[in-house]
Amino acid sequence: MSVFTRIESEVRSYCRLFPTVFTKAVGDHLIDENGQIYIDFLAGAGALNYGHNNPKLKKPLLEYIESDAITHSLDMFTAAKGRFLECFEEIILIPRGLNYKIMFTGPTGTNSAEAALKLARKVTGRKTVICFTKGYHGHTLGALAVTPNPVYQKAAGISLDNVLTVPFEDKSSTKDDSLNQLEKLIDDLSQNQEKPAAVILETVQSEGGINVASVPWLKRLAQITQEQGILLIVDDIKVGCGRTGPFFSFERAGLKPDLVCLAKSLSAYGNPMAVVLIRPELDGWKPGEHSGTFRGNNLAFVTATAALEEYWTTDAFSQEIVEKGEVMKQRLQEMIADYPELGGAHRGLGLIQGIACKLPGLAKKVSHEAFQRGLIFEPMGVDKEVINLQSTLTIDFDTLNQGLDILDKSIAAALSN
């Protein structure tokens with residue numbers, strides 16, 4: 001591994017948690033150069049919902065490459081893009097009663113967030129955006145401004161303006177007043193300056209520690225923004241594409257956001273791809289006003305289309321995710337009961353779940369012990385206090401339980417050290 005430590009930037013992070021050289025990946029497993037097999041409960045930080053090298057996606061991708069079809073196309077028309085647009089409309093939007101234009105942005109999640117923020121300000125003519133504590137939207141300047149993590153923001157080296165932060169829903173309190181604070185802030189801004197352009201949120205905060213907004217809270221938030229004429233941006237980059245069960249994380253609350261950010265597992269194969277879904281009347285862009293060289297990743301269009309056709313034409317896949325989520329929830333609750341020293345609290349739904357630990361540094365110790373035993377997961381939360389599990393959505397029940405068995409042993413080892 002000397003080449004990495006010698007020449008790669010110190011900014012590298014995941015490799016510090018999992019210090020080995022990976023050479024192969026199939027389904028739910030990663031294999032390193034020594035032949036060690038690891039169950040993957042990281043799933044590319046949410047970019048590999050359908051597993052590694054899924055054969056149902058790999059075959060059409062290889063056929064497409066072999067045919068000398070278009071790989072890179074800027075934003076020109078291609079057959080692969082056209083097919084993706086048709087499938088996304090027919091399989092995802094129409095059955096859910098959603099009507100959106102689709103904007104292809106640069107290929108990463110932060111590109112999607114940047115474009116959504118920029119469009120919200122452009123069409124409203126207003127500057128301020130409201131975000132929530134513990135939210136995460138990316139590391140480029142606009143997205144970073146609505147990511148209220150002081151460690152990340154300090155690295156920007158400049159002030160990040162035109163953003164205000166309000167508390168996310170606090171389920172530990174019987175008198176959560178987060179939305180009351182939001183309403184007061186909007187009233188104050190309306191009287192003294194101008195009302196905000198938009199509110200941006202994740203309905204399930206992943207980086208922030210698997211914080212799940214309740215349905216009543218989400219519905220009231222949507223009502224507030226609609227009544228005030230403020231755009232609602234839902235960042236579904238990490239918890240969309242089935243992570244919580246339905247395709248969109250906001251379906252459980254019946255929301256129809258003004259703008260939706262999608263990336264990560266949208267391509268279904270780990271190829272970079274990102275979009276913004278835009279209510280048609282908000283599509284105020286002029287041609288070329290927001291651009292990017294890699295908006296036309298046709299390899300991503302091919303695998304994204306294959307995933308839609310394979311997994312989302314019925315509700316069966318979504319129901320499987322819910323069922324696997326119930327297994328994970330039951331097992332995690334058993335571990336919380338079996339290890340009271342954790343001071344553990346269950347977090348999450350679908351296949352983004354975890355245990356919030358009261359002991360500082362414990363989640364990281366558990367991650368280290370799990371890696372030694374063949375399981376990969378990333379600690380999450382502001383203080384990395386959450387054991388964060390995000391398996392693939394296609395995982396079978398046996399592998400899911402094997403991974404949870406390893407987690408159980410790893411908790412025991414971490415507590416005994």
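## A first look around the fold

Let's start with a helix on a sheet: α5, made of residues 79-93, lies across β4, β11 (259-262) and β12 (275-278), and it runs at about 140° to β4. Keep in mind while you look around that this is a predicted model.

The sheet under that helix is an open one with seven strands, in the order β4-β12-β11-β10-β7-β5-β6, and its pairing is mixed. At its edges you'll find β4 (101-104) and β6 (163-166), which each pair on one side only. Going from strand to neighbouring strand, the average turn is 20°, ignoring direction.

Another helix to look for is α9, residues 178-192, which packs on the sheet and touches β5 (129-132) and β6. The direction of α9 makes about 150° with that of β6. One residue in this helix is D188. Is D188 buried or partly exposed? With a relative accessible area of 30%, D188 counts as partly exposed. If you'd like a sense of distance, the C-alpha atoms of D188 and P95 are separated by 40 Å, and these two residues sit 93 apart along the chain.

Now for β5 itself. V129 and C131 point one way from this strand, while I130 and F132 point the other way, and all of them are buried. On one pairing, β5 runs parallel to β6, with four bridges joining them; here I130 stands opposite L164 of β6. β5 also runs parallel to β7, this time with two bridges, and V129 stands opposite A198 of β7. Further along the sheet, β7 (residues 198-201) pairs with β10 (residues 231-235), where L201 has V234 as its bridge partner.

Here are several strand pairs from around the chain, side by side.

| Strand pair | Sense | Bridges |
|---|---|---|
| β5 and β6 | parallel | four bridges |
| β5 and β7 | parallel | two bridges |
| β7 and β10 | parallel | four bridges |
| β2 and β3 | antiparallel | three bridges |
| β13 and β14 | antiparallel | five bridges |

The last pair in the table is a hairpin, with two residues between its strands. Its strands are β13, residues 345-349, and β14, residues 352-356. Across the pair, R347 stands opposite G354 in β14. In this hairpin G350 takes a positive phi, near 55°.

There's another open sheet to find, with four strands in the order β1-β2-β3-β15 and mixed pairing. β1 (22-26) and β15 stand at its edges with a single partner strand each, so one side of each has no neighbour in the sheet. Inside the order, β2 covers residues 29-32 and pairs with β3; I31 stands opposite I37 of β3. This sheet has a helix across it too: α14 lies over β2, β3 and β15, running at about 105° to β3.

What about α13, residues 362-373? It has 12 residues and reaches 17 Å from its first C-alpha to its last, close to the 16 Å expected at 1.5 Å a residue. Which residues of α13 are buried? They are L362, A363, V366, S367, E369, A370 and F371. An α-helix has 3.6 residues a turn, so residues three or four places apart point the same way. The cover over the buried residues of α13 includes α2 (14-17), β3 (37-40), β15 (375-376), β16 (378-380), β17 (386-389) and α14 (397-416). Right after α13 comes G374, with a positive phi near 100°.

Finally, step back and take in the whole chain. How many helices and strands are there in the chain? There are 14 helices and 17 strands. The radius of gyration is 21 Å, close to the 22 Å that the globule rule gives for 417 residues, so the chain is as compact as a globular protein of that length. Along its principal axes, the C-alpha trace spans about 60 × 55 × 45 Å.

Buried residues make up 52% of the 417 residues. As for the outside, the accessible surface comes to about 18,500 Å², and 52% of that belongs to carbon and sulfur atoms. Take the contacts between residues at least 6 apart in sequence: 74% of them join residues at least 24 apart.

Definitions and conventions. Residues numbered from 1 in each chain as written. Predicted model: local features only at pLDDT ≥ 70, side-chain atom pairs only at ≥ 80, totals over all residues. Heavy atoms only, no water. Pairing = 2+ DSSP bridges. Axes fitted to C-alpha atoms, helices over the stretch in contact; angles between N-to-C directions. Contact = heavy atoms within 4.5 Å. Expected span 1.5 Å × (residues − 1). Buried < 20%, exposed > 50% of the residue type's maximum accessible area, 1.4 Å probe, protein only. Rg over C-alpha atoms; globule rule 2.2 N^0.38 Å. Areas by Shrake-Rupley, 256 points an atom, 1.4 Å probe, with all protein chains shown as cover.
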